[in-house]
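Here are my comments on the model you sent over. I've kept them as numbered points so you can check each one in your viewer.

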Amino acid sequence: WDLFTPPRFAGLGNYLTLARDAIFGRVMGNTAYFVLASVPAQMVLGLACALALNRGIRGQTFFRVAYFLPVVTSTIAAALVWAWLFNSNFGLINALLSAFGVTDPPRWLGSTAWAMPAVIVVSVWQNVGYAMVLFLAGLQNIPRDLYDAGAIDGATGWKRFYFIPLPMLSPTTFFVLIISIIGSFQVFELVFVMTNAGPANATNTLVFYIYQNGFQFYQMGYASAAAMILFLIVLMATLVQYRLQTRWVHYG
């Protein structure tokens, strides 16, 4: 369906075209790369921050606000600032690398190898605070009696974490995992502002590809088919996680 012509039923034509589209294959690979890199990073860092703040350190309120502030910051504004930081000619990041003796710093957003990692860094920076708040809430709901019982049994350090907070946090971890996966599949603003899917489609993701075909190329039928693929991928990922939760999620 070209937006300037009447819709015409095409059956599975759009899906067959997607299967043969080399750019769509690249987009799917980019999306998988983004999800597999950003989701574990923001979950691990969110849990680490929550564990640190749960110890009752001085200035705890300040650090909670500081870590959560990127979550409520406008994504467009944050992307603009980070785009300046990653600028290869006069960005602060390359200036710091040069100060530490790096003679040939990366071109970041202008490099097919470094553009996606740069976008992933910004995504993790923005979302780690949300995971932190959820993990912190889960940690504070763990009864103190369990820690005392573990101490009596000689559980310290890693063993204490592995046998007490980790299994008790499994419902929170499951929720954070599902929300993070869905959010990562929907990344758009960062790509739109920082790279505009470039260079050479190195950061083109599924949602941006849908936007391109629907609102730049006016191929609404083709964009709708890609949107249906996105829906099915997120649905399958969620259903698989719900099926697997019986093996590792412990309620109560």
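The points below cover a buried aspartate, a helix pair, two buried residues and some backbone oddities.

1. Before anything else, keep in mind that this is a predicted model. Everything below should be read that way.

2. Have a look at D21, in the loop between α1 (13-20) and α2 (22-53). This side chain is buried, yet it has no salt bridge. The nearest side chain of opposite charge is R20, 9.4 Å away, and a salt bridge would need a nitrogen within 4 Å of a carboxyl oxygen. Leaving aside neighbours within four places in sequence, D21 is in contact with Y209 and Y222.

3. Y222 turns up again where α1 meets α13. How are those two helices arranged? Their axes are 9 Å apart and the packing angle is about 75°, which makes α1 roughly perpendicular to α13 (residues 220-248). From α1, the contact uses N14, Y15, T17 and L18; on the α13 side sit G221, Y222, A225, A226, M228 and I229. By type, the residues of this contact divide into seven nonpolar, three polar and no charged.

4. I120 belongs to helix α6 (residues 115-140). Its relative accessibility is 9%, so I120 counts as buried. Setting aside residues up to four places away in sequence, I120 touches Y33, F34, A37 and S38. If you want a distance to check, the C-alpha atoms of I120 and T203 are separated by 10.0 Å, with their positions 83 residues apart along the chain.

5. V39 lies in helix α2, and at 5% relative accessibility V39 is buried as well. With residues up to four places away left out, V39 touches F34, L177, S180, I181 and S184. F34 is thus listed among the contacts of both V39 and I120.

6. Now the backbone. Most residues other than glycine have a negative phi, and most peptide bonds are trans. Where does the model depart from trans? A cis peptide bond joins G198 and P199, with omega at about -10°. P199 is in the loop between α11 (189-194) and α12 (206-216). A200 lies in that loop too and has a positive phi of about 55° although it is not a glycine.

7. W108 also has a positive phi, near 50°, and is found in the loop between α5 (92-99) and α6. Are these two residues buried or exposed? W108 counts as buried, at 11% relative accessibility, whereas A200 is exposed, with a relative accessible area of 59%.

Terms used
Residues are numbered from 1 along each chain as its sequence is written. This is a predicted model: local features need pLDDT of at least 70, side-chain atom pairs count only at pLDDT 80 or more; totals for chains, interfaces and linings use all residues. Side-chain values use heavy atoms; hydrogens and water are left out. Helices (H or I, at least four residues) and strands (E, at least two) are DSSP runs, numbered from the N terminus. Buried means under 20% relative accessible area, exposed over 50%, partly exposed in between (1.4 Å probe, protein chains only). Lys and Arg count as positive and Asp and Glu as negative; His and the chain ends are not counted. Contact means heavy atoms within 4.5 Å. Axes are lines fitted to C-alpha atoms, for helices over the stretch in contact, and angles run from 0 to 180 degrees between N-to-C directions. Angles under 35 degrees count as roughly parallel, over 145 as roughly antiparallel, 65 to 115 as roughly perpendicular and the rest as oblique. Ala, Val, Leu, Ile, Met, Phe, Trp, Tyr, Cys and Pro count as nonpolar, Asp, Glu, Lys and Arg as charged, and the others, Gly among them, as polar.
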